[in-house]
Amino acid sequence: PVLPGVSRPQRETLPLLRVVGQLAATYVVAEGPDGMYLVDQHAAHERVVYDRLVARAVTNAAHQPLLEPLLLELDPIEAATALEHVDHLARLGLQLEPFGQAAFLLRSAPAGLNGSDILGAVRGLLDQLHAELRVQDPFARAAATVACHSSVRAGMSLALDEMRRLIEDLETTASPRTCPHGRPTLVHMGTELIERQFGRR
């Protein structure tokens with residue numbers, strides 16, 4: 001129950017957007033009620049994937065067992081980082097099992113971590129966690145990095161229905177205007193600004 005005089009924080013929302021195309025295979029172009037929006041497809045998808053990863057971790061639905069475990073051979077620093085963060089990684093669905101001195105068996109990956117180079121993604125994640133020695137929230141940092149590796153990239157052509165789905169998914173997230181690293185997911189060009197550019201105002 002909410003106490004009298006105490007308001008719940010408002011969830012960020014986006015205006016109703018209509019996808020009209022893609023720019024430079026990197027930005028989704030959309031029309032809103034008050035102008036044009038350019039949506040960074042990678043940053044937007046990062047936000048969507050991040051929120052899903054965190055939600056799955058809460059419900060313990062993050063695991064996608066691999067048909068066969070993958071052998072992850074690490075250098076001593078990466079191995080120490082893996083041991084330090086093994087619990088955070090397990091919450092994300094990355095189940096690592098020590099296998100010898102500096103090797104691990106990867107038994108599951110987060111649902112949504114696609115692509116053939118899962119081992120490369122895990123190594124990149126360990127390198128980032130080690131580089132940021134004083135990570136305030138290692139789980140959130142790990143989730144953001146996994147989301148980055150799981151997201152559509154800049155330069156990737158998307159079909160119109162894929163762009164629409166991305167915008168719809170972004171609208172359902174808690175913070176649709178920023179990616180997990182704090183970068184903006186979209187920029188807005190108001191109708192007045194556009195009209196001034198064309199000498200209509």
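Among contacts in the protein between residues at least 6 apart in sequence, what share joins residues at least 24 apart? In this predicted model, that share is 67%. The sections below start with the overall plan and then turn to the sheet, a loop, and a pocket.

## Overall plan

The protein contains 7 helices and 7 strands, and, when these elements are read along the sequence, they follow the pattern β-β-β-α-β-α-α-β-β-α-α-α-β-α. The protein has 201 residues, of which 40% count as buried.

One pair of residues gives an example of a distance in space set beside a distance in sequence: Val146 and Leu125 are 21 residues apart in sequence, and their C-alpha atoms are 7.1 Å apart in space. Val146 belongs to helix 5, which covers residues 138-150. Is Val146 buried or exposed? Its relative accessible area is 4%, and because buried means under 20%, Val146 counts as buried.

## The open sheet

An open sheet is formed by 4 strands, which stand in the order 1-2-3-7 with antiparallel pairing. At its edges are strand 1 (18-23) and strand 7 (186-190), each of which pairs on one side only. Neighbouring strands of this sheet are turned against each other by 25 degrees on average, with direction ignored.

Two of the pairings can be followed residue by residue. Strand 1 and strand 2 pair in the antiparallel sense over 5 bridges; in this pairing, Arg18 has Glu31 of strand 2 as its bridge partner, while the bridge partner of Leu23 in strand 2 is Tyr27. Strand 2 (residues 27-32) also pairs with strand 3 (residues 35-40), again in the antiparallel sense, over 6 bridges. Here Glu31 stands opposite Met36 in strand 3, and Gly32 stands opposite Gly35 in strand 3. Glu31 therefore has a partner in strand 1, namely Arg18, and a partner in strand 3, namely Met36, where strands count as paired if there are at least two bridges between them.

Strand 2 and strand 3 form a hairpin, and there are 2 residues between them. Helix 6 (residues 160-171) packs on the sheet, where it touches strand 1, strand 2 and strand 3, and the direction of helix 6 makes about 120 degrees with that of strand 1.

## The loop between strand 1 and strand 2

The hairpin of strand 1 and strand 2 has 3 residues between the strands. Ala24 is found in this loop, and Ala25 has its place there as well. Ala24 has a positive phi of about 55 degrees although it is not a glycine, and Ala25, also a residue other than glycine, has a positive phi near 50 degrees. The table sets out the accessibility of these two residues.

| Residue | Relative accessibility | Class |
|---|---|---|
| Ala24 | 59% | exposed |
| Ala25 | 19% | buried |

The class of each residue follows from a cut-off, because buried means under 20% relative accessible area and exposed means over 50%. Ala24, at 59%, therefore counts as exposed, whereas Ala25, at 19%, is buried.

## His45 and the second largest pocket

His45 lies in helix 1, which spans residues 41-58. With a relative accessibility of 18%, His45 counts as buried. When its neighbours within four places in sequence are left aside, His45 is in contact with Ser150, Ser151, Val152 and Leu166.

Which residues line the second largest pocket? They are His45, Arg52, Val152, Leu158, Glu162, Arg165, Leu166 and Asp169. Val152 and Leu166, which are among the contacts of His45, thus appear with His45 in this lining. The space in the pocket comes to about 150 Å³.

Helix 1 and helix 6 each supply at least two residues of the lining, and helix 6 gives the most, with 4 residues. Helix 6 therefore has a part both in the packing on the sheet, where it touches strand 1, strand 2 and strand 3, and in the lining of this pocket, with helices numbered from the N terminus. By class, the lining has 3 nonpolar, 1 polar and 4 charged residues.

Notes:
Residues numbered from 1 in each chain as written. Predicted model: local features only at pLDDT ≥ 70, side-chain atom pairs only at ≥ 80, totals over all residues. Heavy atoms only, no water. Axes fitted to C-alpha atoms, helices over the stretch in contact; angles between N-to-C directions. Contact = heavy atoms within 4.5 Å. Buried < 20%, exposed > 50% of the residue type's maximum accessible area, 1.4 Å probe, protein only. 1 Å grid on protein atoms, 1.4 Å probe; cavity = no way out; pocket = protein on both sides within 12 Å on 5 of 7 lines; lining within 4 Å. Points joined across faces, edges and corners; volume = space filled by probe spheres on them. Nonpolar A, V, L, I, M, F, W, Y, C, P; charged D, E, K, R; others polar.
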